[in-house]
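This report describes a structure through its charged pairs, its nonpolar cores and the surfaces where its parts meet. The sequence and coordinates come first.

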Amino acid sequence: MTKLLEKAQVVENKEVASGIYKCRLRTSKIAKECKPGNFINISVGSNSQFLLKRPFGVHNVIGNELEILYRVRGKGTDVMTSLVAGDSLDLLGPLGNGFSLFEGKKILLLGGGMGIAPLYYLEKELSKDNEVITMYAVKTREELVDIKVSNLVVHIDKEEGCFACDKLEDVLIKNNIEMLYICGPDALMKLSYQIAKKHGVYTEVSLEARMACGFGACVGCVVETVSGLKKVCNEGPVFKAEEIWG
Amino acid sequence: MKSLEVNLGKLVLQNPITTASGCFGYGTEYSDFVDLDSLGAITLKSITLNQREGNPTPRIAETPSGMMNSIGLANCGIKEFIQEKLPALEHLKKVKVIANIAGHSTEENVELAEILDGQKRVDAIELNISCPNVDAGGLAFCQDMAQLKVLLNKVRAKTDKPLIVKLAANVHDIVNLAQVCEGEGADMLSLINTVTGLEVDIENRKLFFSRGYAGLSGPAIRPIALKAVYDVSRVVKLPIIGMGGIANIDDVVKFLMVGADAVSVGMMNFVEPDISQRLVGGLQGYIRAKNIGLKDLTLN
């Protein structure tokens with residue numbers, strides 16, 4: 001997979017939940033090359049405060065357009081909220097290794113908060129050839145993004161008085177889940193994997209890390225694995241959960 | 001087309017655009033973006049005898065016009081370097097390959113130089129005595145002239161390849177340091193390494209990096225780097241590879257004008273991975289438009 005540098009045009013950039021934005025970008029080649037689990041690096045603007053590109057998981061691909069979902073979390077994402085249709089920005093991608101794709105399996109996707117971002121695109125691809133359930137966990141209703149997938153289970157911590165992983169075991173057993181894909185906070189991923197492991201459910205996780213380049217040169221984004229430090233950018237961001245937590 | 005060839009003593013480059021160690025991986029990371037053979041030289045990531053995992057995360061912080069890093073010389077070790085990294089560059093015919101060594105002791109650097117001396121694909125050896133992110137070796141070598149002399153002498157004795165010494169600007173007297181290098185057999189100098197700095201995590205009321213100090217790079221340090229090149233080039237005769245926040249062709253020209261013979265692109269490779277190759281074209285365009293040669297890029 002060749003990594004490409006392109007100028008992309010903003011098609012739409014709108015708030016889709018409290019402090020959460022969806023940005024659609026028109027690309028010439030990158031969108032078509034993106035597989036579920038890949039990420040792209042975006043230059044936030046020409047402001048020298050933000051030289052480094054920001055990594056975002058690919059949320060959706062429609063023809064030559066791609067979407068990212070982002071939460072305003074720092075100065076860079078704050079600046080991004082002012083992007084409007086027609087704005088042009090530097091894009092680098094596709095980056096990283098995607099999720100493993102299977103056929104004829106019973107699969108559960110578990111997205112915690114912004115972790116839903118890459119799972120939406122994964123669901124679109126996997127649901128062609130598999131039975132897929134998407135479990136989407138958020139803390140509060142305000143941060144819930146309207147996600148359109150066929151089998152959606154929404155979990156709101158505050159309203160249910162428990163975490164999504166507290167219900168995970170039931171979902172795994174009841175639906176005879178064979179594969180689990182998780183993206184979300186570390187604690188959610190780790191706990192969920194431990195439950196999945198108990199039931200012999202193959203698990204992949206998508207990690208997040210600070211990085212300068214996104215393609216393996218800076219060595220800034222390492223994560224501890226059972227076989228030493230690995231780079232999230234080009235050895236991940238998708239890892240087998242057993243590689244991370246044993 | 002005007003020639004961009006530069007003669008750095010024993011090392012001849014097809015053009016003066018090179019990449020800085022630590023910002024260009026082992027070269028192949030950039031092959032999707034850059035025709036490596038279009039560059040003057042690539043300087044590979046610092047290498048040590050044994051594999052090094054490097055420092056704990058976070059290793060990266062963004063700053064105005066730059067970034068800080070505390071990678072800690074993470075590298076694959078000399079064995080894998082020779083077995084896997086160098087062969088991946090074997091097919092390149094025009095670009096020069098500079099191996100950067102960063103042993104924690106004099107002995108380790110001597111051993112690394114001896115091993116690399118036997119490697120055909122290594123065109124020059126850069127001795128990194130200015131990394132701020134390690135406990136032993138690194139910047140400490142810049143602060144003890146007696147130890148530095150011993151180091152340079154012993155490394156020099158082990159290799160006939162062009163020997164570059166990479167210095168830091170945050171030292172007591174960089175001109176004196178450069179003179180010591182010149183006196184002890186260095187063939188050229190790389191100026192400058194990252195500038196030591198500090199970042200604070202105010203949310204958790206602690207220092208951001210686990211080691212506290214980290215290295216600042218990018219356009220933020222360019223004026224410091226220009227000064228170092230200017231000061232050193234007026235006193236020392238060795239060829240100088242200037243680096244520190246080069247982000248466009250004007251920056252390249254500034255370094256050449258104040259006394260650099262070649263330049264290295266560092267942090268900006270992360271931001272614009274194709275920048276090094278674009279700068280080769282940019283420099284060609286610059287001298288063509290002015291109808292001058294590289295040698296004319298001097299101060300009045």
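In this predicted model, B:Arg156 and B:Asp187 join their side chains in a salt bridge, with 2.7 Å from N to O. B:Arg156 belongs to helix H3 (residues 145-158) of chain B, while B:Asp187 sits in the loop between helix H4 (174-183) and strand E10 (188-191) of chain B, so the bridge ties together parts that are 31 residues apart in sequence. Both B:Arg156 and B:Asp187 are buried.

## Salt bridges

Over all chains, the count comes to 23 salt bridges. One of them pairs A:Lys7 with A:Asp90. This pair links distant parts of the chain, 83 residues apart: A:Lys7 is in strand E1 (residues 4-17) of chain A and A:Asp90 in strand E7 (residues 88-95) of chain A. A:Lys7 counts as exposed because its relative accessible area, 51%, is over the 50% limit. A:Asp90, at 27%, is partly exposed.

A further pair in chain A is A:Lys167 with A:Glu160. A:Lys167 is partly exposed at a relative accessible area of 25%, and A:Glu160 is partly exposed at 37%. Chain A also holds a network of salt bridges that links A:Arg24, A:Arg26, A:Glu65 and A:Glu67.

The table gives the N to O distances for some of the salt bridges.

| Pair | Closest N to O distance |
|---|---|
| A:Lys7 and A:Asp90 | 2.7 Å |
| A:Lys167 and A:Glu160 | 2.6 Å |
| B:Arg156 and B:Asp187 | 2.7 Å |
| A:Arg54 and B:Glu62 | 2.6 Å |
| A:Arg71 and A:Glu143 | 3.3 Å |

## Between the chains

The interface of chain A and chain B brings 24 residues of chain A into contact with 30 residues of chain B. The size of an interface is often given as the accessible area lost when the parts come together. Here the area buried between the two chains is about 2,200 Å², and carbon and sulfur atoms give 63% of that area. Two salt bridges are counted between chain A and chain B, including the one from A:Arg54 to B:Glu62. Seven residue pairs across this interface are in polar contact, both residues being at pLDDT 80 or more.

## Between the domains of chain A

Chain A is divided into domain 1 (4-95) and domain 2 (106-206). Their centres, taken over C-alpha atoms, are 24 Å apart. In contact across the boundary are 14 residues of domain 1 and 15 residues of domain 2. About 1,300 Å² is buried between these domains, with 66% of the area from carbon and sulfur atoms.

One salt bridge is found across the domain interface, and A:Arg71 bridges to A:Glu143 at 3.3 Å between the closest N and O atoms. The polar contacts between the two domains come to seven residue pairs, both residues at pLDDT 80 or more. On the side of domain 1 that touches domain 2, the elements that give two or more residues are E1, strand E5 (60-62) and strand E6 (65-71) of chain A. E6(A) gives the most, with three residues.

## Nonpolar cores

In soluble globular proteins, nonpolar side chains tend to be buried together. The largest nonpolar core in this model has 146 residues, and the members that touch the most others are B:Phe81, B:Leu167, B:Leu189 and B:Phe270. Domain 1 and domain 2 of chain A each supply at least three residues to this core. A second core, separate from it, has 23 residues, among them A:Val10, A:Phe56, A:Leu83 and A:Leu91.

Beyond its neighbours within four places in sequence, B:Leu167 has contacts that include B:Ile129, B:Cys142, B:Ile174, B:Leu177, B:Leu189 and B:Ile192.

## Helix H6 and strand E14 of chain B

Helix H6 (residues 249-257) of chain B has as its buried residues B:Ile249, B:Asp251, B:Val252, B:Val253, B:Phe255 and B:Leu256. These residues pack against strand E3 (17-19), helix H5 (222-233), strand E15 (240-243), strand E16 (262-265) and helix H8 (275-290) of chain B. At the start of H6(B), a side-chain oxygen of B:Asn248 comes to within 3.1 Å of the backbone nitrogen of B:Asp250. After H6(B) comes B:Gly259, with a positive phi near 130 degrees.

B:Ser217 lies in strand E14 (residues 213-217) of chain B. B:Ser217 counts as buried because its relative accessibility is 11%, where the limit is under 20%. Leaving aside neighbours within four places in sequence, B:Ser217 is in contact with B:Ser65, B:Gly66, B:Met67, B:Thr194 and B:Met267.

Technical notes
Residues are numbered from 1 along each chain as its sequence is written. Chains are lettered from A and ligands numbered from 1 in the order in which they are written. This is a predicted model: local features need pLDDT of at least 70, side-chain atom pairs count only at pLDDT 80 or more; totals for chains, interfaces and linings use all residues. Side-chain values use heavy atoms; hydrogens and water are left out. A nonpolar core is a set of buried Ala, Val, Leu, Ile, Met, Phe, Trp, Tyr and Cys residues joined through side-chain atoms within 4.5 Å. Buried means under 20% relative accessible area, exposed over 50%, partly exposed in between (1.4 Å probe, protein chains only). Domain bounds come from an automatic or database domain assignment. Contact means heavy atoms within 4.5 Å. Helices (H or I, at least four residues) and strands (E, at least two) are DSSP runs, numbered from the N terminus. Buried area is the accessible area (1.4 Å probe) that two parts lose on being put together, summed over both. A salt bridge is a side-chain nitrogen of Lys or Arg within 4 Å of a carboxyl oxygen of Asp or Glu. A polar contact is a pair of N or O atoms within 3.5 Å; within protein, one must be able to donate a hydrogen and the other to accept it, and residues adjacent in sequence count only if both atoms are side-chain atoms.
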